[in-house]
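Q: Could you take one part of this chain and walk me through its surroundings in detail? I'd like a connected account rather than a list.

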Amino acid sequence: MKPFTGYIFLALAITCGIAANSFAKISDGFSKLTPTIACLLLMTVTMFSLAKAMSVLPVAFSYSTYSGLTVAGVVLFGMLKYNQVPNFYGIIGIALIITGVIFRSVEVFWFTSSHPSSLPEPNGALCTSCHITTRWMTLPILSDQQAPSE
């Protein structure tokens, strides 16, 4: 499977996760049959899609993006449908979650697409192509194809 397909599965997981959480609220503690069934089916699709996305994309990127954007989406759903506006600290928390997802995405794209070598030098070596000390960056998750040779 290609990485683009992983992003499609990740978007599907986020969308179904938001919908499943919305149906969990509507089901009134799983006491209403139709929203309960919809919630369970959507959670099944969510986990299937997330697992498929993780087979191509790094696990930390996939799960952090899924969880962060799902939380932000559920908060937005609560604001629109139930008029549950978060307080000042809630808004800061959601902003920090979204900022964390953005930073995590930048790190993944930095090492997998734009960096000449997806394996930075250890112990704070200076990258000769981008002139950035790599000790301040975390190492990417290695797949079987990227395992370093000794």
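A: Let's start with Thr65: leaving aside neighbours within four places in sequence, Thr65 is in contact with Leu10, Ile14, Thr70, Val101 and Ser105, where contact means heavy atoms within 4.5 Å. Before going on, some ground rules: this is a predicted model, so local features need pLDDT of at least 70 and side-chain atom pairs count only at pLDDT 80 or more, while totals for chains, interfaces and linings use all residues. Residues are numbered from 1 along each chain as its sequence is written, and side-chain values use heavy atoms, with hydrogens and water left out.

Thr65 sits in helix 3; helices here are DSSP runs of H or I with at least four residues, strands are runs of E with at least two, and both are numbered from the N terminus. With a relative accessible area of 6%, Thr65 is buried. The cut-offs are under 20% for buried, over 50% for exposed and anything in between for partly exposed, using a 1.4 Å probe and protein chains only.

Now the helix around Thr65. The 24 residues of helix 3 should span 34 Å at 1.5 Å a residue, and the end C-alpha atoms are 33 Å apart, which agrees; the expected span is 1.5 Å times one less than the number of residues. Besides Thr65, the buried residues of helix 3 include Phe61, Ser62, Tyr66, Gly68 and Thr70, and farther along come Ala72, Gly73 and Gly78. An α-helix has 3.6 residues a turn, so residues three or four places apart point the same way. Ala60, also in helix 3, is partly exposed at 31% relative accessible area. Ala60 and Arg104 are 44 residues apart in sequence, yet their C-alpha atoms are 8.4 Å apart. Just after helix 3, Asn83 takes a positive phi of about 55 degrees.

Two of the contacts of Thr65, Leu10 and Ile14, bring us to helix 1, where both are buried. Others on the buried list there are Gly6, Phe9, Ala13, Cys16, Gly17, Ala20 and Ser22. The buried residues of helix 1 pack against helix 2 (33-54) and helix 3 (59-82). Helix 1 itself covers residues 3-26, and its 24 residues reach 35 Å from first C-alpha to last, close to the 34 Å expected.

What joins helix 1 to helix 2? A loop that holds Asp28 and Phe30. Asp28 follows helix 1 and has a positive phi, near 55 degrees, in a residue other than glycine. Phe30 does a similar thing, with a positive phi near 60 degrees and, again, no glycine. Phe30 is partly exposed, at 48% relative accessibility.

On to helix 2, home of Leu50. At 4% relative accessibility, Leu50 counts as buried. Not counting residues up to four places away in sequence, Leu50 touches Leu10, Ala13, Ser62, Tyr63 and Tyr66. So we meet Leu10 again, since Thr65 is in contact with Leu10 too. Leu50 and Gly6 are 44 residues apart in sequence and 8.7 Å apart in space, C-alpha to C-alpha. Thr44 is also in helix 2 but is exposed, at 52% relative accessible area. Thr44 and Cys16 are 28 residues apart in sequence, with 9.0 Å between their C-alpha atoms.

How do helix 2 and helix 3 pack? Their axes lie 9 Å apart, at an angle of about 150 degrees; axes are lines fitted to C-alpha atoms over the stretch in contact, and angles run from 0 to 180 degrees between N-to-C directions. The crossing is right-handed, meaning that the near helix is turned clockwise from the far one by less than a right angle (anticlockwise would be left-handed). On the helix 2 side, Thr46, Met47, Leu50, Ala53 and Met54 meet Val59, Ser62, Tyr63 and Tyr66 of helix 3. By class that gives seven nonpolar, two polar and no charged residues, counting Ala, Val, Leu, Ile, Met, Phe, Trp, Tyr, Cys and Pro as nonpolar, Asp, Glu, Lys and Arg as charged, and the others, Gly among them, as polar.

Stepping back, the chain has four helices and zero strands, in the order α-α-α-α. Of its 150 residues, 27% count as buried. Among contacts with a separation of 6 or more, 58% join residues 24 or more positions apart.
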